[in-house]
Amino acid sequence: MSQRPTVPVPVSEMKVLITREQIARRVTEMGGEITRDFEAQSILLIGVLKGAATFLADLARSIQVDVTFDFFGVSSYADRTHPSGEVRLTKDVDTSLEGRNVILVEDISDTGLTLNYLKNVVLTHRPRSFKIAVLLDKPARRIQPISVDYLGFTIPNEFVVGYGLDYAEHYRNLPDIRILPREAYDAG
Ligand code: IMP
């Protein structure tokens with residue numbers, strides 16, 4: 001007996017907010033900005049699992065200086081659409097950050113709690129330099145201000161999925177960024 005995988009909302013019912021072509025163009029530009037800023041230096045890109053993995057993979061390939069990767073794991077949402085206000089490290093980096101040019105790579109900045117928390121973790125390890133690269137910024141729900149050095153797009157106050165971003169672990173593989181209809185999460 002075959003079982004069809006179920007997702008909360010069919011992909012065809014979710015409006016595209018940012019197309020794959022727009023993403024590719026902007027990520028390439030961001031890689032160019034980073035390449036210029038770090039000419040002849042090495043960079044450690046630290047992605048935040050799991051959402052930033054797709055963005056990190058594309059961004060890294062647009063950077064033309066020496067790059068290594070590492071990852072943080074965090075749990076920040078008790079319920080993915082309502083911030084608990086608590087951030088917890090579930091996976092630390094494997095490499096030493098001291099004296100490195102660190103760029104923290106995140107999919108989206110929403111309340112700002114995750115990036116502020118991770119910024120403090122990184123700065124404790126005394127990197128040579130510290131920058132933040134974020135694909136999407138959703139300023140409407142900011143609780144803690146955060147200064148981003150490389151930003152892809154500013155978006156309205158919608159819950160978005162695709163290009164690494166999920167809803168209950170679904171939709172990370174969608175190539176475009178789409179808006180999850182409010183009925184999908186407001187009902188419960
Ligand atoms: P912050 O700590 O509130 O800034 O939240 C950052 C994290 O919340 C991101 O890494 C995402 O995992 C998640 N998040 C916030 N907004 C969205 C969204 O619109 N779609 C998917 N995940 C989101």
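1. Ser62 is placed in the loop between helix H2 and strand E3 (66–75). In this predicted model, Ser62 counts as buried, with a relative accessibility of 14%. The cut-off for that word is under 20% relative accessible area. Which residues does Ser62 contact, once its neighbours within four places in sequence are left aside? They are Val27, Thr28, Gly31, Gly32 and Thr35. Helix H1 spans residues 20–37, so the partners listed for Ser62 have numbers that fall in that helix.

2. The next point concerns the nonpolar cores. In soluble globular proteins, nonpolar side chains tend to be buried together. The largest nonpolar core here has 28 residues, and among them Leu59, Ile103 and Leu136 touch the most other members. Several elements each supply at least two residues of this core: helix H1 (20–37), strand E2 (42–49), helix H2 (53–61), strand E5 (101–109), strand E6 (129–137), strand E7 (150–154) and strand E9 (177–179). There is also a second, separate core of 19 residues, which includes Leu44, Phe72, Val102 and Ile146.

3. Ile103 deserves a closer look. Apart from its neighbours within four places in sequence, Ile103 is in contact with Ile34, Phe38, Ile43, Leu44, Leu45, Ile46, Lys131, Ile132, Ala133 and Tyr150. One of these partners, Leu44, is also named as a member of the second core.

4. Val122 belongs to helix H3 and is buried, with a relative accessible area of 0%. Its contacts, leaving aside neighbours within four places in sequence, are Phe72, Leu97, Val102, Pro127 and Phe130. Phe72 and Val102 are also included in the second core. Val122 and Leu45 are 77 residues apart in sequence, and their C-alpha atoms are 12 Å apart in space.

5. The surroundings of the ligand come next. How many residues surround the ligand? There are 17, and the closest are Asp110, Thr111, Thr114, Lys138 and Val160. By type, the residues of this shell divide into 6 nonpolar, 4 polar and 7 charged. Strand E5 and helix H3 (113–124) each supply at least two residues of the shell, and E5 gives the most, with 4 residues.

6. Individual polar atoms of the protein can be placed against the ligand. A polar side-chain atom of Asp107 lies 3.0 Å from an oxygen atom of the ligand. For Asp110 the atom concerned is a polar backbone atom, at 2.8 Å from a ligand oxygen. A polar backbone atom of Gly112 is likewise 2.9 Å from an oxygen atom of the ligand. Taken alone, the ligand exposes 490 Å², of which the protein buries 94%.

7. Two charged residues in strands also call for comment. Is Asp137, in strand E6, buried or exposed? Asp137 counts as buried, because its relative accessibility is 12%. Outside its neighbours within four places in sequence, Asp137 is in contact with Ser109, Arg142, Leu151, Phe153, Thr154 and Ile155.

8. The other is Arg178, in strand E9. Arg178 counts as buried at 15% relative accessibility. Its contacts beyond four places in sequence are Val11, Met14, Lys15, Val16, Leu17, Phe159, Val160 and Val161. With Met14 there is a specific polar contact: the side chain of Arg178 reaches the backbone oxygen of Met14 at 2.7 Å. Arg178 and Glu13 are 165 residues apart in sequence, yet 9.5 Å apart in space, C-alpha to C-alpha.

9. Some features of the backbone should be noted. Ala40 has a positive phi of about 65 degrees although it is not a glycine. Ala40 is found in the loop between H1 and E2 and is exposed, with a relative accessible area of 81%. Tyr171, which is not a glycine either, has a positive phi of about 75 degrees. This residue lies in the loop between strand E8 (160–161) and E9. Tyr171 counts as buried, at 5% relative accessibility, whereas Ala40 is exposed.

10. The last point is a peptide bond. The bond from Leu49 to Lys50 is cis, with omega near -5 degrees. Lys50 is found in the loop between E2 and H2.

Technical notes:
Residues are numbered from 1 along each chain as its sequence is written. This is a predicted model: local features need pLDDT of at least 70, side-chain atom pairs count only at pLDDT 80 or more; totals for chains, interfaces and linings use all residues. Side-chain values use heavy atoms; hydrogens and water are left out. A nonpolar core is a set of buried Ala, Val, Leu, Ile, Met, Phe, Trp, Tyr and Cys residues joined through side-chain atoms within 4.5 Å. Buried means under 20% relative accessible area, exposed over 50%, partly exposed in between (1.4 Å probe, protein chains only). Contact means heavy atoms within 4.5 Å. A residue is near a molecule or strand if one of its heavy atoms lies within 4 Å of it. A polar contact is a pair of N or O atoms within 3.5 Å; within protein, one must be able to donate a hydrogen and the other to accept it, and residues adjacent in sequence count only if both atoms are side-chain atoms. Accessible areas come from the Shrake-Rupley method with a 1.4 Å probe; for residues, only the protein chains shown count as cover. Ala, Val, Leu, Ile, Met, Phe, Trp, Tyr, Cys and Pro count as nonpolar, Asp, Glu, Lys and Arg as charged, and the others, Gly among them, as polar.
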